[in-house]
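Here is a short report for a reader new to this structure. Look over the sequence and the model first, then read on.

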Amino acid sequence: PNIESIGFGLSGARWLGLDFPRHVSQFCFASLKALLETCGLEIVDAWTDSPRFNPPSLVALFARQLHRHQFDRFEARTGRNPIIRKALLLFLLQVVRPLDWIFSKMGRGEHISCVARLKG
């Protein structure tokens, strides 16, 4: 997760990226670079584009019940498939993709990915 994302900026402590214990540490570009340098690595490339993760995170900012984890809970609790909610999610994922592209180009996407190599 990118602690400098639009999502964190809008939702703060309610942000899905703060998903302890799966996400033990939160990073921004500077903190990720510092950690990797401490380990003897240097960043070759870094980006916040994530077509798989960013759009669902953006949708969940405004409609948390449409996050896939909520679907699982609903099915486990009721035994029913939330097909209408899933269809709405698919629609909203397409709606937020342009926003995700803009946020990612600004370095404010929901997730950070990078390629690093040994220094030297």
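Of the 120 residues in the chain, 31% count as buried. The model is a predicted one. About 7,700 Å² of the chain is exposed, and carbon and sulfur atoms supply 61% of that area.

**Fold and extent**

The chain holds 5 helices and 2 strands. Read from the N terminus, their order is α-α-β-α-α-α-β. The C-alpha trace spans about 55 × 30 × 25 Å along its principal axes. Now take the contacts between residues at least 6 apart in sequence. Of these, 72% join residues at least 24 apart.

Charges come next. The chain has 16 positive and 10 negative charges. Their mean positions lie 8 Å apart.

**The largest pocket**

How much space lies in the largest pocket? It holds about 460 Å³. The pocket is lined by 24 residues, and the closest to its centre are Leu16, Arg22, His67, Arg68 and His69. Three helices each give two or more residues to this lining: H3 (54-62), H4 (68-78) and H5 (83-105). Which of the elements supplies the largest share of the lining? That is H4, with 4 residues.

**Two residues to look at**

Ser50 and Glu37 serve as examples. Ser50 sits in the loop between strand S1 (41-47) and helix H3. Glu37 belongs to helix H2, which covers residues 29-38.

| Residue | Relative accessibility | Class |
|---|---|---|
| Ser50 | 9% | buried |
| Glu37 | 35% | partly exposed |

Why does Ser50 count as buried? Its relative accessibility is 9%, and buried means under 20%. So Ser50 falls within the buried class. Which residues does Ser50 touch, leaving out those up to four places away in sequence? They are Pro55, Asp100 and His111.

Why is Glu37 classed as partly exposed? The class lies between the buried limit of 20% and the exposed limit of 50%. Glu37 has a relative accessible area of 35%, so partly exposed is the class that applies.

Glu37 can also be set against His67, one of the residues closest to the centre of the largest pocket. How far apart are Glu37 and His67 in sequence and in space? The two are 30 residues apart in sequence. From C-alpha to C-alpha, Glu37 and His67 are 35 Å apart in space.

Conventions. Residues numbered from 1 in each chain as written. Predicted model: local features only at pLDDT ≥ 70, side-chain atom pairs only at ≥ 80, totals over all residues. Heavy atoms only, no water. Buried < 20%, exposed > 50% of the residue type's maximum accessible area, 1.4 Å probe, protein only. Contact = heavy atoms within 4.5 Å. Areas by Shrake-Rupley, 256 points an atom, 1.4 Å probe, with all protein chains shown as cover. Lys, Arg positive; Asp, Glu negative; His and termini not counted. Charge placed at Lys NZ, Arg CZ, Asp CG, Glu CD. 1 Å grid on protein atoms, 1.4 Å probe; cavity = no way out; pocket = protein on both sides within 12 Å on 5 of 7 lines; lining within 4 Å. Points joined across faces, edges and corners; volume = space filled by probe spheres on them.
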